[in-house]
Amino acid sequence: MKMGIAKYNAECRSIVMRYAGEWKKTIERMGRWIDFENDYKTLYPSFMESVWWVFKQLFEKDLVYRGFKVMPYSTGCTTPLSNFEAGQNYKDVTDPSSMYLICLLLIIAVVVSFPLKNDPETSLLAWTTTPWTLPSNVTVCVNPNYKYVKIHDLERKHNFILLEKRLVMLYKDPKKALNKEYKVLASYIGKEMEGWEYEPLFDYFRSTFDNVGYKVLVDTYVTDEDGTGIVHQAPAFGEEDYKVVRRYEVITEDRPPPCPVDERGFYTAEVKDFVGQYVKVEPSL
């Protein structure tokens, strides 16, 4: 149904004002004083003009600058969302997990392996709840205070590094599986791993980040409650990712985070293997 801009705006205003009367009664019953006769609402043109006026004063004083902020976003509405809007539409979804990411098919996965640059037979096992951000990976992060283990998986004949407490991600009963399904080769405290280099899953942004990224960073935001204790970081899509990567100067004002997704949620030409594919659709295999 087409209603036009004027009717659409009128409908939005009616939604905002739907409970104005109830709000007034509730506030007065709480004993809170508000001048309802001279109030303002953000939809009022007078309020918008006051914001423009303030912004103009800041601009004229050279206090306005271009920055980067990670925000909730709707690919359906093609607009940023407030935290309240994102929370109201929160849904639990299940993405199948896989030990290995098959790059050519982009299997949706939450656990992926990153081979160490100086030891290709050993891979970091990183965890992510947003596998569609993997083409934008620039670093991984560990907790500096946690204990990590290097294991040899007897079935896969490969070495993996992950948080000792999270061996349950690979083995149903790690104690029973010890020496039967895997062997422990070494252990490290997270801060010892800082700066380790790994091979990226994709080469899309390698020319930009090869000398500064694809390293292990440390930060206490990494928990031991789920995942592998090693977190994949794509700073354009995660607030904590952005803070940590910016602190390490992997991204700077002159080197922005890779963001190969357009406003509708489709991969851009930078991700040449999946250009035009919506990020949350799993391909048929």
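## Exercises on a predicted model

The lining of the second largest pocket is made up of nine nonpolar, two polar and five charged residues. Here Ala, Val, Leu, Ile, Met, Phe, Trp, Tyr, Cys and Pro count as nonpolar, Asp, Glu, Lys and Arg as charged, and the others, Gly among them, as polar.

The model is predicted: local features need pLDDT of at least 70, side-chain atom pairs count only at pLDDT 80 or more, and totals for chains, interfaces and linings use all residues. Residues are numbered from 1 along each chain as its sequence is written, and side-chain values use heavy atoms, with hydrogens and water left out.

**Exercise 1.** Describe the second largest pocket and the elements that line it.

*Solution.* Step 1: fix the term. A pocket is an open set of points on a 1 Å grid over the protein atoms alone, where a 1.4 Å probe fits, with protein on both sides within 12 Å along at least five of seven lines; lining residues have an atom within 4 Å of a point.
Step 2: take the volume, which is the space filled by probe spheres set on the points, with grid points joined across faces, edges and corners. For the second largest pocket the volume is about 560 Å³.
Step 3: list the lining. It has 16 residues, and V16, D39, Y40, K41 and T42 are the closest to the centre.
Step 4: assign elements. Helices (H or I, at least four residues) and strands (E, at least two) are DSSP runs, numbered from the N terminus. Two or more lining residues come from each of α1 (4-17) and α2 (20-29).

**Exercise 2.** Describe the largest pocket in the same steps.

*Solution.* Step 1: the volume of the largest pocket is about 2100 Å³.
Step 2: its lining has 50 residues, with P72, Y73, T130, W132 and F237 nearest the centre.
Step 3: the elements giving two or more residues to this lining are β1 (73-74), α4 (83-88), β10 (230-233) and α7.
Step 4: by type, the lining of the largest pocket holds 23 nonpolar, 15 polar and twelve charged residues.

**Exercise 3.** Find the aromatic pairs that involve F274 with F202 and with Y267, and say how each is arranged.

*Solution.* Step 1: the whole structure contains eleven aromatic pairs. Rings of Phe, Tyr and Trp (its six-membered ring) pair if their centres lie within 6.5 Å; planes under 30 degrees apart are stacked, over 60 edge-to-face, and the rest tilted.
Step 2: F202 and F274 are edge-to-face, at 6.4 Å centre to centre and 90° between the planes. This pair joins distant parts of the chain, 72 residues apart: F202 is in the loop between β8 (182-189) and α6 (206-209), and F274 is in the segment after α7 (239-247).
Step 3: Y267 and F274 are tilted, with 6.3 Å between centres and 50° between planes.
Step 4: together, F202, Y204, Y267 and F274 make one aromatic cluster.
Step 5: check burial. Buried means under 20% relative accessible area, exposed over 50%, and partly exposed in between (1.4 Å probe, protein chains only). F274 is buried because its relative accessible area is 6%, and Y267 is buried because its value is 2%.

**Exercise 4.** Locate the largest nonpolar core and follow M193 within it.

*Solution.* Step 1: a nonpolar core is a set of buried Ala, Val, Leu, Ile, Met, Phe, Trp, Tyr and Cys residues joined through side-chain atoms within 4.5 Å.
Step 2: the largest such core has 40 residues, and F114, L124, V140, Y148, I161, M193 and I230 touch the most other members. At least two residues each come from β3 (111-116), β4 (119-127), β5 (139-142), β7 (158-163), β9 (216-218), β10 and α7.
Step 3: contact means heavy atoms within 4.5 Å. Apart from neighbours within four places in sequence, M193 is in contact with L124, V142, Y148, I161, Y188 and V216.
Step 4: a second, separate core has twelve residues, including L170, Y171, A177 and Y182.

**Exercise 5.** D62 and Y214 have positive phi values. Which of the two is buried and which is exposed?

*Solution.* Step 1: D62, in the loop between α3 (45-60) and β1, has phi near 60°.
Step 2: D62 is exposed because its relative accessible area is 67%.
Step 3: Y214, in the loop between α6 and β9, has phi of about 55°.
Step 4: Y214 is buried because its relative accessibility is 3%.
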